[in-house]
Amino acid sequence: KERPLPADTTTAGAQQPPSALRPTAAGAAAACGVGALSESSTTSEVARSKPPIIPSMRRLFSNVPYTRYLLFRVPMTLAALLPSSMLPDYVKYCMQREDWQGFVTIVIGLVLVAVFISIPIIIKASRRWGKRVVLVAMCIGVGGSFIVGFFLPPKVLESGLIYILALAVGAGI
């Protein structure tokens with residue numbers, strides 16, 4: 001049984017969905033449940049064919065060059081995620097910009113443009129000098145840009161330097 005809404009709420013004038021839609025919604029929910037049950041049998045077959053996790057991890061970490069790569073790449077990736085998540089708060093509270101949403105959108109857009117521009121450059125550089133040299137150079141470059149950006153006051157970044165730092169972050173991702 002449905003209880004009527006109290007008269008003092010703001011949704012008192014809202015219309016209830018037609019009762020003809022209720023069986024349709026129930027049928028759709030039942031179809032989703034049947035689909036989920038039928039998929040569970042196929043996923044259990046796939047799960048049975050997967051190798052155990054412990055031998056897979058041993059095999060993964062026995063590959064020394066890949067382990068070295070992970071030691072560089074995982075911290076670099078985590079460090080690259082920080083600016084994009086902290087940027088809105090930095091622009092709003094430290095730079096104290098009224099148009100912080102538009103400004104953040106432009107900066108993130110520049111990061112994405114730099115990512116797409118830097119991909120072919122990084123591929124050509126890794127073919128020419130090797131992956132290790134390029135990865136080390138990228139880590140040093142991105143780390144240097146983060147250190148420079150950390151010590152600059154917000155008023156200096158408003159002059160346009162934040163756009164250059166956005167390009168450096170995008171090239172390092």
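**Stop 1: helix α3 and the largest pocket**

Select α3, residues 64-94. This helix gives 12 residues to the lining of the largest pocket, the largest share of that lining. Keep in mind that the model is predicted.

Now add the other helices that give two or more residues to this lining. They are α4 (100-129), α5 (131-151) and α6 (154-172). Colour each helix separately to follow the wall of the pocket.

Next, find the middle. Which residues lie nearest the centre of the largest pocket? Select L82, P83, S84, F146 and V169. They belong to a lining of 27 residues. The space in this pocket comes to about 790 Å³.

Try colouring the lining by class. You should get 21 nonpolar, 5 polar and 1 charged residues.

**Stop 2: the second largest pocket**

Move on to the second largest pocket, with about 510 Å³ of space. Select Y69, K131, R132, V134 and L135. Of the 19 residues in the lining, these five are the closest to the centre of the pocket.

Which elements give two or more residues to the lining of the second largest pocket? Show α3, α4 and α5 to see them. These three helices also appear in the list for the largest pocket.

Colour this lining by class too. Here the split is 12 nonpolar, 3 polar and 4 charged residues.

**Stop 3: S118**

Select S118, in helix α4. Is S118 buried or exposed? Its relative accessibility is 9%, so S118 counts as buried. The cut-off for buried is under 20%.

Now look for its partners. Set aside the neighbours within four places in sequence, and S118 is in contact with G170 and A171. Both numbers fall inside the range of α6, 154-172. Show α4 and α6 together to view these contacts.

**Stop 4: the whole chain**

Zoom out and switch to a cartoon view. How many helices and strands does the chain have? Count 6 helices and 0 strands. Read along the sequence, the pattern is α-α-α-α-α-α.

Colour the chain by burial next. Of its 173 residues, 16% count as buried; S118 is one of the buried residues.

Then turn on the surface. About 13,100 Å² is exposed, and carbon and sulfur atoms supply 69% of that area.

Finish with the contacts. Take those between residues at least 6 apart in sequence: 63% of them join residues at least 24 apart. For one example of a contact, go back to S118 and G170.

Key: Residues are numbered from 1 along each chain as its sequence is written. This is a predicted model: local features need pLDDT of at least 70, side-chain atom pairs count only at pLDDT 80 or more; totals for chains, interfaces and linings use all residues. Side-chain values use heavy atoms; hydrogens and water are left out. On a 1 Å grid over the protein atoms alone, a cavity is a set of points where a 1.4 Å probe fits but cannot get out, and a pocket is an open set with protein on both sides within 12 Å along at least five of seven lines; lining residues have an atom within 4 Å of a point. Grid points are joined across faces, edges and corners, and a volume is the space filled by probe spheres set on the points. Helices (H or I, at least four residues) and strands (E, at least two) are DSSP runs, numbered from the N terminus. Ala, Val, Leu, Ile, Met, Phe, Trp, Tyr, Cys and Pro count as nonpolar, Asp, Glu, Lys and Arg as charged, and the others, Gly among them, as polar. Buried means under 20% relative accessible area, exposed over 50%, partly exposed in between (1.4 Å probe, protein chains only). Contact means heavy atoms within 4.5 Å. Accessible areas come from the Shrake-Rupley method with a 1.4 Å probe; for residues, only the protein chains shown count as cover.
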